[in-house]
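Please read this briefing alongside the sequence and the model. The points are grouped by topic and can be taken one at a time.

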Amino acid sequence: MGTTPDAIRAARDAVLTGGAGFDVVDLSDPLTPDTVSWPGTPPIRAVDEATHDRDGLSVRVVTVSEHAGTHFDAPYHFDAGGRDPSEIPADELVVAAHVIDFTRAPLADGNAALRPQDIEAHEAANGRIPAGVAVLLRTGWSARRRDRLAYAGSADADHLVFPGFGVDAARALV
């Protein structure tokens with residue numbers, strides 16, 4: 001499957017100009033002091049330094065760990081040679097996407113990892129995953145996002161629990 005910037009743009013443009021219609025899906029989640037962050041990182045803070053009533057304008061200072069919420073810095077996050085978010089053009093952040101439903105597996109195993117045979121079964125039922133699209137994994141895990149222990153599985157970073165892409169599945173998709 002193609003994952004070059006040109007393949008990604010081609011897949012997006014095919015969806016946007018294909019005439020078949022498309023849905024724009026907002027995957028954001030509000031960041032609040034209750035947002036689960038990596039264990040040991042400070043919580044999100046927002047402090048009103050100035051208010052309309054008191055100062056005639058609003059100034060809020062927000063402090064956020066880079067490990068709060070969903071990251072899009074994955075190329076750089078674990079690979080010093082990967083692209084930093086400042087190097088990723090905005091047009092690469094609007095992409096066509098394909099969703100694999102993996103909600104059943106985490107119910108049995110919180111560390112469930114998508115496998116190549118899961119992709120094959122998904123494609124047999126839903127058709128081939130087009131080249132250049134972002135592949136999103138629906139795990140259902142977000143239902144736990146307001147409960148730190150249920151979401152992370154542990155209070156320390158050595159025993160975290162969360163479903164995701166297995167290494168072999170990720171390689172199969174790239």
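Not counting residues up to four places away in sequence, A134 touches V95, A96, A97 and H98. A134 belongs to strand β5 of this predicted model. With a relative accessible area of 23%, A134 is partly exposed, because burial requires a value under 20%. Between the C-alpha atoms of A134 and V94, which are 40 residues apart along the chain, the separation is 9.7 Å.

**Strands β3 and β5**

- Strand β3 covers residues 97–101 and runs parallel to β5, to which 5 bridges join it.
- One opposing pair is H98 and V135 of β5.
- D101 likewise has a residue of β5 opposite, namely R138.
- In β5, which spans residues 134–138, the side chains alternate between two faces.
- V135 and L137 point to one face of β5 and are buried, whereas A134, L136 and R138 point to the other and are not buried.
- The side chains of β3 alternate as well: H98 and I100 are buried and point to one face, while A97, V99 and D101 point to the other and are not buried.

**The largest nonpolar core**

- The largest nonpolar core is made up of 13 residues.
- I100, L114, I119, I129, V133 and V135 have the most contacts inside this core.
- Two or more residues of the core come from each of β5 and α7, the latter being residues 167–173.
- In soluble globular proteins, nonpolar side chains tend to be buried together.
- Setting aside neighbours within four places in sequence, I119 is in contact with I100, L114, I129, A169, A172 and L173.

**H122 in helix α5**

- H122 sits in helix α5, which runs over residues 116–126.
- The relative accessible area of H122 is 11%, so H122 counts as buried, the limit being under 20%.
- Leaving out neighbours within four places in sequence, the contacts of H122 are H98, V99, I100, G127 and I129.

**G110 in a loop**

- The loop between α4 (104–108) and β4 (113–114) contains G110.
- Is G110 buried or exposed? G110 is buried, with a relative accessible area of 15%.
- Beyond the neighbours within four places in sequence, G110 is in contact with W141, V161, F162 and P163.
- G110 and E49 are 61 residues apart along the chain, and 41 Å separates their C-alpha atoms.

**W38 in another loop**

- W38 is found in the loop between α1 (5–17) and β1 (45–50).
- A relative accessible area of 39% makes W38 partly exposed.
- The residues that W38 touches, not counting those up to four places away in sequence, are H67, A157 and L160.
- From W38 to A172 the distance is 28 Å, C-alpha to C-alpha, and the two are 134 residues apart in sequence.

**Aromatic rings**

- R144 lies over the face of W141, with 3.8 Å to the ring centre.
- For pairs of aromatic rings with centres within 6.5 Å, the count is 0.

**The chain as a whole**

- The chain has 174 residues, of which 24% are buried.
- Its secondary structure comprises 7 helices and 6 strands.
- Read along the sequence, these elements follow the pattern α-β-α-β-α-β-α-β-α-β-α-β-α.
- The C-alpha trace spans about 60 × 40 × 35 Å along its principal axes.
- Of the contacts between residues at least 6 apart in sequence, 59% join residues at least 24 apart.

**Confidence in the prediction**

- The chain has a mean pLDDT of 84, with 93% of its residues at 70 or more.
- Which element of the chain has the lowest mean pLDDT, and which the highest? Helix α3 (residues 74–77) has the lowest, at 74, and helix α2 (residues 52–55) the highest, at 97.
- Where pLDDT is low, the predicted coordinates should not be read in detail.

Key:
Residues are numbered from 1 along each chain as its sequence is written. This is a predicted model: local features need pLDDT of at least 70, side-chain atom pairs count only at pLDDT 80 or more; totals for chains, interfaces and linings use all residues. Side-chain values use heavy atoms; hydrogens and water are left out. Buried means under 20% relative accessible area, exposed over 50%, partly exposed in between (1.4 Å probe, protein chains only). Helices (H or I, at least four residues) and strands (E, at least two) are DSSP runs, numbered from the N terminus. Two strands pair if DSSP finds at least two bridges between them. Contact means heavy atoms within 4.5 Å. A nonpolar core is a set of buried Ala, Val, Leu, Ile, Met, Phe, Trp, Tyr and Cys residues joined through side-chain atoms within 4.5 Å. Rings of Phe, Tyr and Trp (its six-membered ring) pair if their centres lie within 6.5 Å; planes under 30 degrees apart count as stacked, over 60 as edge-to-face and the rest as tilted. A charge sits over a ring if NZ of Lys or CZ of Arg is within 6 Å of the ring centre and within 35 degrees of the ring normal. pLDDT is the predictor's confidence in each residue, from 0 to 100.
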